[in-house]
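Thanks for asking me to look over this structure with you. Have the sequence and the 3D view open, and let's walk through a few places together.

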Amino acid sequence: MTLLALLRHADTAWSLEGRIQGRVDVPLLPGTSYRLPDACRGMRVVTSPLKRCVDTAALLGAPDAAIEPRIVEMDWGVWHGASLPALRKALGQAMSENEARGLDFTPPGGESPRLVLQRLKSWLREIGAAGVPTLAITHRGVIRAILAEATGWDMRGKPPAKLDWNAVHFFNVAADGTPSVERLNVS
């Protein structure tokens, strides 16, 4: 088993406003500071290619973190910049039906959590086979997809655990890439 730590990037103006960032390269808030959790010291660090993740890695003292394209955020298609409450109000029943699809929820022109998970599986296999404890600076959609895979959650209804987006989430990854929850919400 290989220890994998997942940390969501530091806040942006859009994240504080509740807007969907997806693949839009929104910068971190000015003056942002972030501290590497003690439990992650000495880990290899990888980051999503989006600037908010690369900059978070730099704030954590890992300015040369390896870029990993497979851990980029879910593509939200035409919904980038919108908020979920506004979409629910505007789209009504159609949005409810889409959200009820769980792993197959798909924004127009975007990708589903199931597709996110498919692109993550080869990366998880590499993590598991390498045996090197790794900290990944990534996004909510990626962390939720890995949580779904680790717990069997189909993304219908509430998640099996409430995630703190300012905390680190630890998973064990088997050599075949299968993740399991180690511990969540570590400050």
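1. How many residues line the largest pocket, and which of them lie nearest its centre? Keep in mind as you look that this is a predicted model. The lining is made of 29 residues, and those nearest the centre are Trp76, Leu84, Arg140, Arg144 and Trp165. Helix H3 (84–91) and helix H6 (140–151) are the elements that give two or more residues to this lining. The space inside the largest pocket comes to about 870 Å³. By kind, its lining residues divide into 12 nonpolar, eight polar and nine charged.

2. Next, please find the sheet. It is an open sheet of six strands, and their order is E3-E2-E4-E1-E5-E6, with mixed pairing. Strand E3 (66–67) and E6 stand at the edges with a single partner strand each, so one side of each has no neighbour in the sheet. Try tracing the order on screen before you go on to the single strands.

3. Is strand E4 (residues 134–138) buried or exposed? Five of its five residues are buried, so the rest of the structure largely encloses E4. In a regular strand, side chains alternate between the two faces of the sheet. You can follow this in E4: Thr134, Ala136 and Thr138 point one way, Leu135 and Ile137 point the other way, and all are buried.

4. The pairing around E4 is worth checking by eye. Strand E1 (residues 2–8) pairs with E4 in the parallel sense, over five bridges. Two bridge partners to look for are Leu4 with Thr134 in E4 and Leu6 with Ala136 in E4. Strand E2 (residues 44–47) also runs parallel to E4, and four bridges join the two. Here Arg44 has Thr134 in E4 as its bridge partner. Thr134 therefore appears twice in your search, as the partner of Leu4 and as the partner of Arg44.

5. Now turn to E1 itself. This strand is mostly covered, with six of its seven residues buried. How does E1 pair with E5, parallel or antiparallel? The pairing is antiparallel and is made over six bridges. To see it, locate Thr2, which stands opposite Val173 in E5, and then Leu3, whose bridge partner in E5 is Asn172.

6. Helix H6 came up with the pocket, and it deserves a point of its own. A simple check of its length works well here: at 1.5 Å a residue, its 12 residues should span 16 Å, and the C-alpha atoms at its ends are 16 Å apart, which agrees. The buried residues of H6 are Gly141, Val142, Ile143, Ala145, Ile146, Leu147 and Ala148. What do these buried residues pack against? They pack against E1, helix H5 (113–130), E4, strand E5 (168–173) and strand E6 (179–186). After H6 comes Gly152, with a positive phi near 80°.

7. Please look at Ile20, too. This residue sits in the loop between helix H1 (13–17) and E2. Its relative accessibility is 7%, and because buried means under 20%, Ile20 counts as buried. Leaving aside neighbours within four places in sequence, the residues in contact with Ile20 are Trp14, Trp76, Trp79, His80, Gly81, Ala82, Leu84 and Leu87. Trp76 and Leu84 may be familiar from the list of residues nearest the centre of the largest pocket. As for Leu60, 40 residues from Ile20 along the chain, the C-alpha atoms of the two are separated by 24 Å.

8. Finally, two residues have a backbone angle that I would like you to check. Met155 is not a glycine, yet its phi is positive, about 65°. Met155 belongs to the loop between H6 and E5, and with 9% relative accessibility it counts as buried. Asn185 is not a glycine either, and its phi is also positive, about 60°. Asn185 is found in strand E6, and at 28% relative accessibility it counts as partly exposed.

Notes
Residues are numbered from 1 along each chain as its sequence is written. This is a predicted model: local features need pLDDT of at least 70, side-chain atom pairs count only at pLDDT 80 or more; totals for chains, interfaces and linings use all residues. Side-chain values use heavy atoms; hydrogens and water are left out. Buried means under 20% relative accessible area, exposed over 50%, partly exposed in between (1.4 Å probe, protein chains only). Two strands pair if DSSP finds at least two bridges between them. On a 1 Å grid over the protein atoms alone, a cavity is a set of points where a 1.4 Å probe fits but cannot get out, and a pocket is an open set with protein on both sides within 12 Å along at least five of seven lines; lining residues have an atom within 4 Å of a point. Grid points are joined across faces, edges and corners, and a volume is the space filled by probe spheres set on the points. Ala, Val, Leu, Ile, Met, Phe, Trp, Tyr, Cys and Pro count as nonpolar, Asp, Glu, Lys and Arg as charged, and the others, Gly among them, as polar. The expected span of a helix is 1.5 Å times one less than its number of residues. Contact means heavy atoms within 4.5 Å.
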